[in-house]
Amino acid sequence: MSEFILFLFGLGCVVFLVFLAPGVVLTRFLSAYREEQRARDVRMESMLRELKARVETLKSAAGGEPPSAAPPVVDEVPLTVVPERPAAVPEQAPPWKPVVHDVSKVEEPSVAAAPIAAATKADAAATKPLPPPLPRERNRFEAAAVETLQKIWNWIIVGEEHVPPGVSLEYAVASQWLLRIGVVILVVGIGFFLKYSVEHDLITEVGRVGLAVVTGLGFLVAGTQLLGRKYHVFGQGLLGAGFATLYFAAYAAANFYELIGPEVAFGAMILVTVLAGGVAIWFDSILVAVLGILGGYGTPVMLPSPEVNFVALYGYLLVLGSGVLAVCYRKHWPLVNYLAFGCTQALVLSSLAAYTTDDFWQVMPLLTGLFVLFSTMNFLYTLGTNANSNLLDVIALLVNAAVYYGLAHRLVGGAYGTTWVAAVTLSLSAFYSLHVAVFLQRQKVDRNLLVCFLAMAAFFLTVTMPLALTRSWVTVSWAVQALTLLWIAGRLPSVFLRHVSYLLYAIVLGRVVFVDFPTQFSGTPLLGQSAAAAMPLNEYLWRMAERFVVLGVPIASLAAANWLTRRDAARQPSAIAAANDTPALVSSGSFMRFAAAAAILILFVYLHLEFSKTFGVFYAPLKLPVLTLLWLGVCVLLLVETLTHAKNAMLYALMGTVAVVFAKVLLFDIPSWGLRGDFLYEGAYSFRDGLLRLMDFAAVIAFLAVATSMLATRHDDFQRGSKVFGGAALAMLFLYLTLETNALLHTYLDGLRPGGVSILWAVFALGLILRGIVRREAAVRYVGLGLFAVVVWKVFFVDLSQLDQIYRIVAFIVLGIVVLAGSFVYLKYRDSFAIAKTGE
């Protein structure tokens, strides 16, 4: 019998912790938060009213007209006023124009004193204490949950949902609790008697069962006679005791004594269940239902069988649960639902201690039936009566799903492996999707319940992918699922489902960055030389194709999401009413920008890593120029966005990306070709490397030239950016020509190398001067003149001592001709430098 006492105590704890405590805590938290928000809003409104009154008063004082708003709080000038009400009436604000008893005694206030008086009034109004904040009104969802908890608490204390009028609390509590305790003691006494008779063999097995049946029927007859009279509550208690005793008899006859077969026992228990539910509904007695439930669920504890019979036990629980389901269809008794659920889970968990994998097909189907039963029980009343759900209903749905998934994961995983758990999660997703379809078909307006079903369908579908697929394909499946959810959200349309897809896209992005990239490109340097892959070509190509799918599908999904969101932006609601949906937390425009940026970013990182890995394996010299072209592709995209939207932020992003390209060329590309301290490349000159360097530098210079030309015709900020890009293009061209000329002459005409570089610089300086004169750009001309000065210094102090006789002659003659050409250019464009005369 101690087991039964522990069972009742544990059951009470489970019901409180699972259903009552979360609802109370969450409701109080929401109430406190909303009260704080309401108080803040009230304070702000009061401050705005006071400020408006002060402004109106100052305007009135300055313009000599009465304010158009409410009358002032304080009188401007003391007047002799005829009292219009007795002094006992609470003081109120005076009207704008008081009735003056003696006009001759009223003194006109001076004009100079009016602003001072008005300011004094405004200060007094501003220092007036703020009114206390109004209490926050709970919304319907919170109010329904609080009301349900209050009804459950009232029934536990006084036996009714509301304290009866004209009845003292002492009488209500004492009569109800003495009745309940007496019924429990009586039922336990009957159980003790049956147990004692078994242990001492006082009565035959048939006699024990027959005695229990007669006792139960006697309780029912006595209770029926008392219903509707003075002792109506007492009659309800006897009815509950009678049904519990009949459950005892049926269960003992089948599972304990084996006097009847399972079919007969189930029929008897169904009959008792139908009778108990009918009586509880007909007489509107929750006490009969609660006592019947306690007796029915306490029977397996009072009369345990030597070995656990899962089919008999779970079938018995299904019969009891079906009776509770029938009651819930007609009556909104949440306590009955929660009590039945807690008792069922307590019996199931205790019975699974004897479970082995051989019992899988006896246990799993019946557990699924119990899950469907209690899931339906939680919303059947609201669906049949068009009532709205509350917070406790949603919590009950979530707890039921969590308990079933935990048990199914243990049983299915232990019997067939974790992969087959995906069948359970996929079935759960379909189960809740069917609920959504029923809601839409019946046009049921219950946002919280529909959002709960949508969330659980999406959650279990998301959980299915990691269970059914290998690690590398999880992101692909989630990306496809997110796009599918977004498409469904656009077709319904559903704001909540769209936000679920947004959340799933965020998960996809995080997994790509923190899981897929490190896994697929482990050991691949970003810019350094990659070692040749020690694997066959076909295996490498297969892995490259896998990387393309694993990372390409999320990119394509984000791009498609951008297109879908843009297309569905103007779609009007049709299937899901606004009352069933949630408010939009993230706008469609924000998500479109996020999807586009994320797709471009992931695509760039993927191509960068893929090019670095693949070209490093197959043809390493081509890797760095190809990466430069990839970076320039990003620059082209930023340039187009800059010209399209004309935003300085995009220009700064473009300049930062160009700076990264410069750093790449200077810090990675040039050292990779073996540049020495004397500005020569290692080894003999290679035309292959020269062609690759030409590709690298020419691409950067060409982009900078195009950017300079396109930005030059825009506003001032863009024109300054154009000058920066133009200068960067000239610097890059000068660097490339200098290094390439120096390397080429070193290999093929080393004696002319110093003079050849000087000739190149002089020609470059001449080109700068010519461009500066034609475009009227003084800074370019000054750079050209400065370069000419450097060339002259280099020729006389460096080249003169290093050149051979013949090369010295050639170098000086060519340099002289170039310098003279510079002078000729200035003389030809003399008019461009004429200074206007100042004065006559």
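Helices are taken here as DSSP runs (H or I) of at least four residues, numbered from the N terminus. In the predicted model, Arg776 is placed by this numbering in the loop between α23 (753–774) and α24 (778–802). The phi angle of Arg776 is near 55 degrees, a positive value in a residue that is not glycine. With a relative accessibility of 63%, Arg776 counts as exposed, since the limit for that class is over 50%.

A positive phi also occurs at Ala646, where the angle is about 50 degrees although the residue is not a glycine. Ala646 belongs to the loop between α19 (623–645) and α20 (648–672). The relative accessible area of Ala646 is 40%, so this residue is classed as partly exposed. A further loop residue, Gly683, is located between α20 and α21 (687–711). Gly683 is exposed, at a relative accessible area of 55%. In space, the C-alpha atoms of Gly683 and Thr747 are 9.0 Å apart, while 64 residues separate the two in sequence.

The protein as a whole contains 25 helices and zero strands. Of its 840 residues, 43% count as buried. Among contacts with a sequence separation of 6 or more, 74% are made by residues 24 or more positions apart.

Helix α17 (residues 537–567) offers an example of contacts between residues distant in sequence, at Val553. The C-alpha atoms of Val553 and Val480 lie 7.7 Å apart, with their positions 73 residues apart in sequence. When neighbours within four places in sequence are left aside, the contacts of Val553 are with Val476, Ala479, Val480 and Phe548. Val553 counts as partly exposed because its relative accessibility is 24%, and the buried class requires a value under 20%.

Aromatic side chains were examined next. Rings of Phe, Tyr and Trp were paired if their centres lay within 6.5 Å, and the count by this rule comes to 27 aromatic pairs. In one of them, formed by Phe360 and Trp361, the ring centres are 5.1 Å apart and the planes stand at 85 degrees, so the arrangement is edge-to-face. The two partners fall into separate accessibility classes: Phe360, at 5% relative accessibility, is buried, whereas Trp361, at 63%, is exposed. For Tyr432 and Phe460, the ring centres are 6.2 Å apart and the planes meet at 10 degrees, so this pair is stacked. Tyr432 lies in helix α13 (residues 421–442) and Phe460 in helix α14 (residues 447–468), so the pair ties together parts that are 28 residues apart in sequence. Both Tyr432 and Phe460 are buried. The two residues also belong to a cluster linked by ring pairs, whose members are Phe371, Tyr404, Tyr405, Phe431, Tyr432, Phe453, Phe459 and Phe460.

Aromatic rings also lie beneath charged groups. The charged end of Arg547 sits over the ring of Tyr540, at 5.5 Å from the ring centre. Arg693 lies over the face of Tyr681, with a distance of 4.0 Å to the centre of the ring.

Internal space was considered last. Rolling a probe the size of a water molecule over the atoms shows where empty space is left. Five cavities of 30 Å³ or more are found in a search of the whole structure. The volume of the largest cavity is about 150 Å³. Its lining is made up of 14 residues, of which Tyr247, Ala276, Ala289, Ile293 and Val324 are the closest to the centre. Two or more lining residues are given by each of the elements α7 (262–282), α8 (286–302) and α9 (310–330). Helix α8 supplies the largest share of this lining, five residues. By residue type, the lining of the largest cavity comprises ten nonpolar and four polar residues, with no charged residue.

Note on methods: Residues numbered from 1 in each chain as written. Predicted model: local features only at pLDDT ≥ 70, side-chain atom pairs only at ≥ 80, totals over all residues. Heavy atoms only, no water. Phe/Tyr/Trp six-rings, centres within 6.5 Å; stacked < 30°, edge-to-face > 60°. Buried < 20%, exposed > 50% of the residue type's maximum accessible area, 1.4 Å probe, protein only. Lys NZ or Arg CZ within 6 Å of the ring centre and 35° of its normal. 1 Å grid on protein atoms, 1.4 Å probe; cavity = no way out; pocket = protein on both sides within 12 Å on 5 of 7 lines; lining within 4 Å. Points joined across faces, edges and corners; volume = space filled by probe spheres on them. Nonpolar A, V, L, I, M, F, W, Y, C, P; charged D, E, K, R; others polar. Contact = heavy atoms within 4.5 Å.
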